[in-house]
Amino acid sequence: MTGRLVLAATPMGDVGDASPRLRSALATADVVAAEDTRRTKSLASALDVTITGKVVSFYDQVEVARLPALVADVADGKTVLLVTDAGMPSVSDPGYRLVSACVAENLHVTCLPGPSAVTTALALSGLPVERFCFDGFPPRKQGQRKTWLSALATEPRACVFFEAPHRLADCLADAVDVLGPDRRAAVCRELTKTYEEVKRGTLGELAAWAAEGVRGEITVVLEGAVHVASDPADLVDEVERLVENGARLKDACAVVATAGVSKRELYESVLAARKD
């Protein structure tokens, strides 16, 4: 019998979001690899499901060490169910290494779709999100975070990312410095839970709101950049703002340059403006 690895999305807060397929998988899998075994057992209890297979922990610190045994289980014909604390495995959670290892051995990998903070936040943001990118968690250090934000200065797609509540205010303040106060965004807090809240506004407004302190699981959606300028002089201020935040002039020009303005034209325009 051919084994398989099953990635399963779990509820972000409301257990009612659990699919019938998740219930069945928890009850029948030979092995349940869980980011937090206690939370997975609590979820099963809330769903009135009895886990009959072996439950093993599978969090960041043990992920690599657990791979050989789990791959061997799949190869031996067992069904291995991978679940994380909330949402979809592999999306800023453990999982992709196990998927890669199974793919490398030509083993069967499948997925049980379900709740995702990424798509839920995008849908609730009220922003244009026909095209978007997901960027995980921002860097923790301010310098690295500002460099990361600089790369979003001309990103035309909406960007969705996670942030820790105790770092949200600093992140949004840096976003104001790098991207300006008028870029629109949405901060989604405690999605699907009792105290769900979606705060929409400009970065300046959201930074002021977050400065008072925010709790809970946070997902941020940032509006894509819109550049209509084709005159290099119109982009000089944006380049200089990135330079003030630590970027090299050439790197800043590369970030801000648009289809209608080359990096070279923009670089020369900045130097000319400085002379004036």
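Lys and Arg are counted here as positive and Asp and Glu as negative, with His and the chain ends left out. On that basis, the protein carries 31 positive and 38 negative side chains, and the centres of the two sets lie 4 Å apart. The model is a predicted one, and the description below moves from the whole chain to a few residues that reward a look in the viewer.

Taken as a whole, the protein is built from 11 helices and 10 strands. Along the principal axes, its C-alpha atoms fill a box of roughly 75 × 40 × 30 Å. Of the 276 residues, 47% are buried. The exposed surface amounts to about 14100 Å², and carbon and sulfur atoms supply 48% of that area. Contacts often bridge long stretches of sequence: among those between residues at least 6 apart, 72% join residues at least 24 apart.

Turning to the interior, nonpolar side chains tend to be buried together in soluble globular proteins. In this model, the largest nonpolar core holds 35 residues, and the members that touch the most others are Leu168, Leu172, Leu179, Val187 and Val239. Helix 7, spanning residues 165-179, gives the most to this core, with 6 residues. A second, separate core of 17 residues includes Ala18, Ala34, Ala44 and Ile51. Back in the largest core, Leu172 offers a good place to start exploring. Beyond its neighbours up to four places away in sequence, Leu172 touches Val187, Leu203, Leu206, Ala207 and Ala210.

A charged residue in the interior is also worth a visit. Glu163 lies in strand 7, which covers residues 158-163. With a relative accessible area of 2%, Glu163 falls under the 20% cut-off and is therefore buried. The side chain of Glu163 makes a polar contact of 3.5 Å with the side chain of Arg167. Arg167 itself sits in helix 7, and its relative accessibility of 14% is also under 20%, so Arg167 counts as buried too. The contact thus links a residue of strand 7 with a residue of helix 7. Apart from residues up to four places away in sequence, Glu163 touches Phe137, Pro138, Leu168, Cys171 and Ile218. One of these, Leu168, is among the residues with the most contacts to other members of the largest core.

Pro138, another of the residues touched by Glu163, belongs to the loop between strand 6 (132-134) and helix 6 (142-150). Despite this loop position, Pro138 is buried, at 4% relative accessibility. Leaving aside neighbours within four places in sequence, Pro138 is in contact with Arg145, Trp148, Phe161, Phe162, Glu163 and Cys171. Cys171 therefore appears in the contact lists of both Pro138 and Glu163, where contact means heavy atoms within 4.5 Å. The C-alpha atoms of Pro138 and Leu149, which are 11 residues apart along the chain, are separated by 8.5 Å.

Finally, Ala272 gives a view of another part of the chain. Ala272 is found in helix 11, which runs over residues 263-275. At 37% relative accessibility, Ala272 lies between the 20% and 50% cut-offs and so counts as partly exposed. From Ala272 to Glu155, the separation is 117 residues in sequence and 26 Å in space, C-alpha to C-alpha.

Methods
Residues are numbered from 1 along each chain as its sequence is written. This is a predicted model: local features need pLDDT of at least 70, side-chain atom pairs count only at pLDDT 80 or more; totals for chains, interfaces and linings use all residues. Side-chain values use heavy atoms; hydrogens and water are left out. Helices (H or I, at least four residues) and strands (E, at least two) are DSSP runs, numbered from the N terminus. Buried means under 20% relative accessible area, exposed over 50%, partly exposed in between (1.4 Å probe, protein chains only). A polar contact is a pair of N or O atoms within 3.5 Å; within protein, one must be able to donate a hydrogen and the other to accept it, and residues adjacent in sequence count only if both atoms are side-chain atoms. A nonpolar core is a set of buried Ala, Val, Leu, Ile, Met, Phe, Trp, Tyr and Cys residues joined through side-chain atoms within 4.5 Å. Accessible areas come from the Shrake-Rupley method with a 1.4 Å probe; for residues, only the protein chains shown count as cover. The place of a charge is taken as NZ of Lys, CZ of Arg, CG of Asp or CD of Glu.
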